Every structure is written in C-alpha cells, then in structure tokens.
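Me: Could you take a close look at one part of this model and walk me through it? I'd like to hear what sits against what, and how the pieces around it are put together.

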Amino acid sequence: MTDLIGTLPGMVKSSLESEENKLPVVETRDEFDVEISGTIGKPLVQNAKMSSRNCDVFYGDKQAIFNINLDIGKNEIIAMIGPSGCGKSTYLRVLNRMNDTIPICRVTGEHTLDGEDIYAAEQDPVLLRARVGMVFQKPNPFPKSIYDNVAYGAKLHGLATNRSELDDLVEASLIKAGLFKEVKDDLLMPGTGLSGGQQQRLCIARAIAVDPEVILMDEPTSALDPIATATIEELMDELKENYTIAIVTHSMQQAARVSQRTAYFHLGKLVEVNDTNTVFTNPEHKLTENYITGRFG
Ligand SMILES: Nc1ncnc2c1ncn2[C@@H]1O[C@H](COP(=O)(O)OP(=O)(O)O)[C@@H](O)[C@H]1O
Ligand SMILES: [Mg+2]
C-alpha cells in the first residue's frame, strides 16, 4: 500500500504526525493464531488488564459478536472503530457486564480483569462496574445535585467514612475530570443544569469517584461541540496516566489523537487490531483500509 497517509483527511494526518501526542507503543504478543478468530494484526498484549477469548454475543437468536479475542493493556488507550451496528457498543458492554441488563442478550467466552473471570458466579456486577466504569454517548447525570452525582457511587461503595472525606473525594474527582473550577460554587445545583460538555465531565467525575481501574467510553464526545470535545480529549490524555481506557469513536481524528492501538470492527467481527499509526497509515485488511479512507461507514 503506497502512501496511504497522503489520502487521509488532513486532521487525521496531522493528529498522527503531532509529536506532543505520542504515546508509548503497547508491547504486543505474536503467538496469536489468526486462524481461530480471523483477526489480523496485534490483538494480544504482554501486559493485559482485560482479556476476552472466544467471545460471541447474541440478542435472542441474532448473533451480534463473532469470536472476539482481544487484550486491553494496562494503562493503554485502545480505540474501537467501525461502521454503525458492527458491535462496538455490544462488545464494550461485555467488559463490564452491562449486557446483563438486557434480558435477551447472551454473552459467551472467557473475560478477565487482572486474570480474574468477570463472569464467575461469585462476581458482583455492581462491584465490577465500579472497577470497570462507563461513560455513555449521551451525558446521563442523575436528577440530583452536582455534588450528589459524584458522591453517589462513593456512598454506595462506602468509600468515605464521614462528610469531610466525602467532600474531599467529590472535589478530587471533579478536579481530575477538569470540572471543579467551573462548578465549585454551584455544587448543590442540579447536574442536569450544566452544559452538555460539562455534564459529560460530570459523568466522568462520577465514574472516577469510585476509583475504577478501567474506563469504557462509548462515543463520549459525539453529542458535544468541538470545544467541549477538545476538553474531553485533553482530559483523556491526563486520565491515561492512571487508568486503562477503551473508547468507541466515530471520529478517526479522535482515534488517531488519543489511542495507542486501534481495533477495527466489521459486522460483529474484529477484523484488525494494530498500533494506531499502523491502522491509519498501513492497514493490513482491505476492510480497514476502506473504512479509514472513507469508502464506506
Ligand atoms: N438491545 C439490543 N437488542 C437487540 N439487538 C441489539 C441491541 N443492541 C444492539 N443490537 C444489535 O446488535 C448489533 C450491534 O449493535 P451495536 O453494538 O449497538 O453496534 P455499534 O455500537 O457498533 O453501532 C446491531 O445489529 C444491533 O441492532
Ligand atoms: Mg454504539
């Protein structure tokens, strides 16, 4: 494939070329048998935080995910891209058992967090979702104050023993989510009164407050304007120091800017996983190439 980068939209190209955003390359493993899943590239890593093996997902009789095998590295940001309906959200929900809340949905395969089976009978999905937090496309603050939105999970999980500890935790979470300065005098105002971008940062603060290890983000900026989007992307850059992040995005520029590896999904299959630069400049699979060059989507 010759000089694919020349054909990329300018913003994606400049994101890839920008020096300030360079993240360390994730150490991957080679012994993967591509025959098993058909995924090409580097779906497995040396230092996995979460892993899936032989993952199928069904809604009733309809299969939505076909044999996904993937590792997500510790402190990695992995982007998940692909056409609408290809199973990105479904797969993300496998990782914190949100599919359990959809009665017709059935998940198979083995899924681990630090090597622990997250679907084991003794796993409490509520505790799992504190360890593997989620931020949705549409900001969904609770109909409560800004303070209570952030304090909610911490209270539920008994993370603060008194009011002053809770105050500190709320403040620290809002600071990490880049929202504190804007709301510090309005903590008792309803979370739903904030702007869209602020609401999304409030939801990130809420997820962070319970001290998660992994944060799943499902198109977290697609309902936001470019300025709010830039703020969230900067925030992700800071969050990657402490968390493992999987982000579903429709924006190639966003994937190129924030992620170390990119996973390309197509019709429920994981077609290709590679370091982000490779996916955007030298994809191995024709389907990946077609998508990133805008031939369909
Ligand atoms: N709650 C649901 N009930 C039935 N089918 C669903 C449900 N959610 C998703 N699907 C189906 O699963 C497939 C993958 O959807 P989804 O994971 O939402 O894709 P993406 O996030 O990539 O757009 C689609 O065919 C979609 O119609
Ligand atoms: Mg989706």
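Reply: Let's start with helix 8 (residues 196-209), which lies across strand 8 and strand 9 (214-218) and runs at about 170 degrees to strand 8. Bear in mind that this is a predicted model: local features need pLDDT of at least 70 and side-chain atom pairs 80 or more, while totals for chains, interfaces and linings use all residues. Residues count from 1 along each chain as its sequence is written, with chains lettered from A and ligands numbered from 1 in written order. Helices (H or I, at least four residues) and strands (E, at least two) are DSSP runs numbered from the N terminus; axes are lines fitted to C-alpha atoms, for helices over the stretch in contact, with angles from 0 to 180 degrees between N-to-C directions.

Now for the sheet under that helix. Strands 8 and 9 belong to an open sheet of 7 strands, ordered 1-12-11-4-10-9-8, with mixed pairing (two strands pair if DSSP finds at least two bridges between them). Strand 8 (132-135) is an edge strand, and so is strand 1 (40-41): each of them pairs on one side only. Further along that order, strand 11 (residues 261-266) and strand 12 (residues 269-275) run antiparallel and are joined by 6 bridges. Within that pair, Tyr264 has Glu272 of strand 12 standing opposite.

Away from that sheet, strand 6 (residues 110-113) has partners of its own. Strand 2 (residues 48-59) runs antiparallel to strand 6, with 4 bridges joining the two, and Met50 stands opposite Leu113 in strand 6. Strand 7 (residues 116-117) is antiparallel to strand 6 as well, through 2 bridges; here Thr112 has Asp117 as its bridge partner. Strands 6 and 7 form a hairpin with 2 residues between the strands, and there Asp114 takes a positive phi near 50 degrees.

The side chains of strand 6 alternate nicely too. His111 and Leu113 point to one face and are buried (20 or more other C-beta atoms within 10 Å of their own; 12 or fewer would be exposed, in between partly exposed). Glu110 and Thr112 point to the other face and are not buried.

One helix pair is worth a look as well. The axes of helix 5 (residues 146-156) and helix 6 (residues 163-176) come within 9 Å and cross at roughly 110 degrees. On the helix 5 side, Tyr147, Val150, Ala151 and Ala154 meet Leu166, Leu169, Val170, Ser173 and Leu174 of helix 6, where contact means C-beta atoms, placed from the backbone, within 7 Å.

Conventions
Two residues are in contact if their C-beta atoms, placed from the backbone, lie within 7 Å.
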